[in-house]
Amino acid sequence: MKTVASLQSEKVSALRDAIAQTIKGKQQTIDLAIVALLAEGHLLIEDVPGVGKTTLGHALAQSLACKFHRIQFTSDLLPSDVLGVSVYSPKMNEFEFKPGPIFANIVLADEINRTTPKTQSALLEAMNESQVTIENVTYALPRPFMVLATQNPIEHHGTYPLPESQLDRFLMRIEVGYPDAAAEKEILKRFSNGNRHGAFRAVLDPKEVLALQDESRKIHIDEPLVDYMIEIVNRTRNHPEIELGISPRGTAALFRAAQARALVEGRSFVLPDDVKRLANSVFEHRLVLIRSGGRARSDAKTVLAEIIDQIPVPA
C-alpha cells in the first residue's frame, strides 16, 4: 500500500515528466515553475523572444486538467478585456456581467509588459486576493488560481516596465535561457514532424493541485532556518546599495517557496539549500538598487549573492 508521501512524489514526478516532454533540457526551470504552483504563487517568466517562455506557460497549464485562458497583452488592451464587462440584456431588462479571461484556474498573461500600466494594474486584486471587483461587486476567482506572465526584457522596444507593486505580487521571476545543442536538436525534430509544441497530457486535476498545495503548507521549517531567512531580508533593507529592500510579502514568498521546493524534492522538511537556491528567483525582481551607486538594476543578483555569502548558514 502506497503512503501519502509516495503518492505526492508520484504526482509531482508525473507533472515534471509531462512538462519535460515539451520543454527540453530545462529541468531546473521546470522545477521552479512547479514550486510556484504548489506555493500558491504567481510566476513571471522573463527572457529574450523565442526561447520558450510562452511554451513553458502552455506546458504547465495544459499538464493540469484545469480551466486555462491565454491573454495576449498589447498596447490597446483595456482592463475590461481582462476582467470582464457588464452588458445590457434586453431579455432580462438589466445589465449582465460577462466574465473576462481572468476567470480561469491558470491564466497565461503573454508579454504582460507590452500593455499600459492601467491594464497591468487590473491584475493586482486578482493576484493578491484571488478575486476581482467590478462596479462595486466582488467576484471570487476559481481555485486553484495562478497567473503565468511572460515578459520581454525592459530594454526591448514597445515595453512598459512593471511597477514595483506589481512585481511584488509575483512569487518568483525565472528565466528560460537558450537550450543546449542536444535539446535544440529535439526541438528541431518536433518541427520536422509537424508537431512544434509536442503532445500535452493532463496529469493533475484541480482537486489534486489543491491537495498538493495544502500538503506543502505542512512542510516543517526549523526556527533557526526562519531566522536565517529574516536575516537575509533585513540585510537587504539596510544595504547601502539597495534603495528598496524585501517587503514582508517577499519574506512570506521565500517561506512558502522553500516549503514547496522541499515537497517537490520529496522531503517533509526544509533545508538551508532550499533557501539559498530560491533566494535569487524570489528576491531579485523585488530589489531596487540605488541608481547612482554605479550598478545596474540587473546586478541585483550580485548584491544578493554578497549578502547570502556573509550570513552563516544554520546547522
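In the predicted model, Ser281 touches Leu32, Leu171, Met172, Arg173 and Ile174, when residues up to four places away in sequence are not counted. Ser281 itself lies in helix H12, which spans residues 272-283. The relative accessibility of Ser281 is 11%, and because buried residues are those under 20%, Ser281 counts as buried.

One of the residues touched by Ser281, Arg173, also takes part in a salt bridge. The side chains of Arg173 and Glu284 meet with a distance of 3.6 Å from N to O. This pair connects distant parts of the chain, since Arg173 belongs to strand S9 (residues 172-174), whereas Glu284 is found in the loop between H12 and strand S11 (288-289), and the two residues are 111 residues apart. Glu284 has a relative accessible area of 14% and is therefore classed as buried.

The salt bridge between Arg173 and Glu284 belongs to a wider set, as a search of the whole structure finds 17 salt bridges. Another of them joins the side chains of Lys218 and Glu215, with an N to O distance of 3.1 Å. The two partners fall into separate accessibility classes: Lys218, at 60% relative accessibility, counts as exposed, while Glu215, with a relative accessible area of 24%, is partly exposed. A further salt bridge is formed by Arg267 and Asp274, whose closest N and O atoms are 2.9 Å apart. In this case both Arg267 and Asp274 are buried. In addition, Arg16, Asp31 and Glu265 are joined into one network by salt bridges that share partners.

Helix H11 was examined next. This helix covers residues 248-264 and has 17 residues; the span from its first C-alpha to its last is 24 Å, close to the 24 Å expected at 1.5 Å a residue. Of the 17 residues of H11, 13 are buried, and the helix is therefore largely enclosed by the rest of the structure. Just after H11, Gly266 adopts a positive phi of about 80 degrees.

Aromatic side chains provide a further group of contacts, with a count of 4 aromatic pairs. In one of these, Phe97 and Phe103 are arranged edge-to-face, with 5.9 Å from centre to centre and 65 degrees between the planes. Phe97 is buried, as its relative accessible area is 15%, and Phe103 is likewise buried, at 12%. Phe97 also forms a stacked pair with Tyr139, in which the centres are 4.3 Å apart and the planes differ by 15 degrees. The stacked pair links distant parts of the chain: Phe97 lies in strand S4 (residues 94-99) and Tyr139 in strand S7 (residues 137-140), 42 residues apart. Tyr139 counts as partly exposed, because its relative accessibility is 23%. Through these ring pairs, Phe97, Phe103 and Tyr139 are linked into a cluster.

Strand S4, which contains Phe97, is also paired with strand S3. Strand S3 comprises residues 84-89, and its pairing with S4 is antiparallel, extending over 6 bridges. Within this arrangement, Tyr88 stands opposite Phe95 in S4. The two strands, S3 and S4, form a hairpin with 4 residues between them. In the turn of this hairpin, Asn93 has a positive phi of about 60 degrees.

Notes. Residues numbered from 1 in each chain as written. Predicted model: local features only at pLDDT ≥ 70, side-chain atom pairs only at ≥ 80, totals over all residues. Heavy atoms only, no water. Buried < 20%, exposed > 50% of the residue type's maximum accessible area, 1.4 Å probe, protein only. Contact = heavy atoms within 4.5 Å. Expected span 1.5 Å × (residues − 1). Phe/Tyr/Trp six-rings, centres within 6.5 Å; stacked < 30°, edge-to-face > 60°. Pairing = 2+ DSSP bridges. Salt bridge = Lys/Arg side-chain N within 4 Å of Asp/Glu carboxyl O.
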